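Student: Can we go through this one and check the labels against their cut-offs?

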Amino acid sequence: MEEFLSQVGDAATGGLSYVGALALLAGRAGYFSVVGPFRGQPIRFRSFVAQAMDVGVRALPILSLITFFIGLILALQGAYELRTFGALNLVATAVALGMTRELGPLITAVLVIGRSGSAFAAEIGTMKVNEELDALKTMAIGPVPYLVTPKFLAMMVMVPCLTIWANFMGIMGGALFGVTEADFTFGGYIKASLDALFLRDIMTGLVKSFMFGITIAAVGCYEGLSTGAGAEQVGRSTTRAVVMSIFLVVIVDVVFTAIFFFMGPQ
């Protein structure tokens, strides 16, 4: 029993230490984003734009395809039950709320983790193994302002933007079912979706996506900076970045969903 409690305590301590390290890295990146430019440490704008293009623009085709079919699946599943109650006209409401509140931000986050979070860990980890980070330090260039800050900014800007697009494509997927099977016109389906949404529903998803972006960037960069010696360690850091990012994104999702629930209309 004592050994079990000791293992639980060690796991809890390690988890808190890991979250603290992520928070410290995020805080430093935030400092160099907001305060640094006023203290002679300008943001690498070209690097930020390049990261934003990679995180955001190049993810649009696959994100569009996935979220379109997610919206279609959500409409089919919702219609399966709604048809029983003669409420097939509510399928637009179900898809719009499901995408904007939950599925849009979450699917976007998982896709970004696979494309960009893992790439952050692999890139920085490879630089550490090749001693490029040590070379930067010898030139008095800190890895955080030089490498991490542009990635954080790109994530904070592009993940909410991708979420908005994912919501739109999900609704378009639902519209395909609504028009072909639920006797909606395209304009009528879009109007029904907009009537079902309130600003609170949209902001809930955007706040989540903003926090998801910070979490993904923090984990990817931290795992890259923590890579051990040897090429094998780069692969392990990349794998760990993906696993931990998904786990922490789900935890953040639960926390903010609970917050919005208890802050909602009584």
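Tutor: Sure. Buried means under 20% relative accessible area, exposed means over 50%, and partly exposed is what lies in between. Keep in mind that this is a predicted model.

Student: Why is Gly188 called partly exposed?

Tutor: Gly188 has a relative accessible area of 29%. Partly exposed is the class between under 20% and over 50%, so that value lands there. Gly188 sits in helix H7, residues 186-196, and its C-alpha is 9.5 Å from that of Ala175, 13 residues apart along the chain.

Student: What makes H4 roughly parallel to H8?

Tutor: Their axes cross at roughly 15°. Angles under 35 degrees count as roughly parallel, so H4 and H8 qualify. The axes come within 8 Å, and the crossing is right-handed. As for the residues of that contact, they divide into 14 nonpolar, 7 polar and 6 charged.

Student: Where does H4 bend, and by how much?

Tutor: H4, residues 91-129, bends by about 60° at Met99. After H4 comes Glu131, with a positive phi near 65°.

Student: How do you know that Val112 is buried?

Tutor: Val112 belongs to the largest nonpolar core. Such a core is by definition a set of buried residues, so Val112 has to be under 20% relative accessible area. This core has 45 residues, and those with the most contacts inside it include Phe152, Met155 and Ile216.

Student: Which helix gives the most to this core?

Tutor: H6 does, with 11 residues. Among the helices that each supply at least two are H1, H4 and H8.

Definitions and conventions. Residues numbered from 1 in each chain as written. Predicted model: local features only at pLDDT ≥ 70, side-chain atom pairs only at ≥ 80, totals over all residues. Heavy atoms only, no water. Bend = angle between axes of the 7 residues up to and from the residue. Helix = DSSP H or I, 4+ residues; strand = E, 2+ residues; numbered from the N terminus. Axes fitted to C-alpha atoms, helices over the stretch in contact; angles between N-to-C directions. Parallel < 35°, antiparallel > 145°, perpendicular 65-115°, else oblique. Left-handed = near helix turned anticlockwise from the far one by under 90°. Nonpolar A, V, L, I, M, F, W, Y, C, P; charged D, E, K, R; others polar. Core = buried A, V, L, I, M, F, W, Y, C linked by side-chain atoms within 4.5 Å. Buried < 20%, exposed > 50% of the residue type's maximum accessible area, 1.4 Å probe, protein only.
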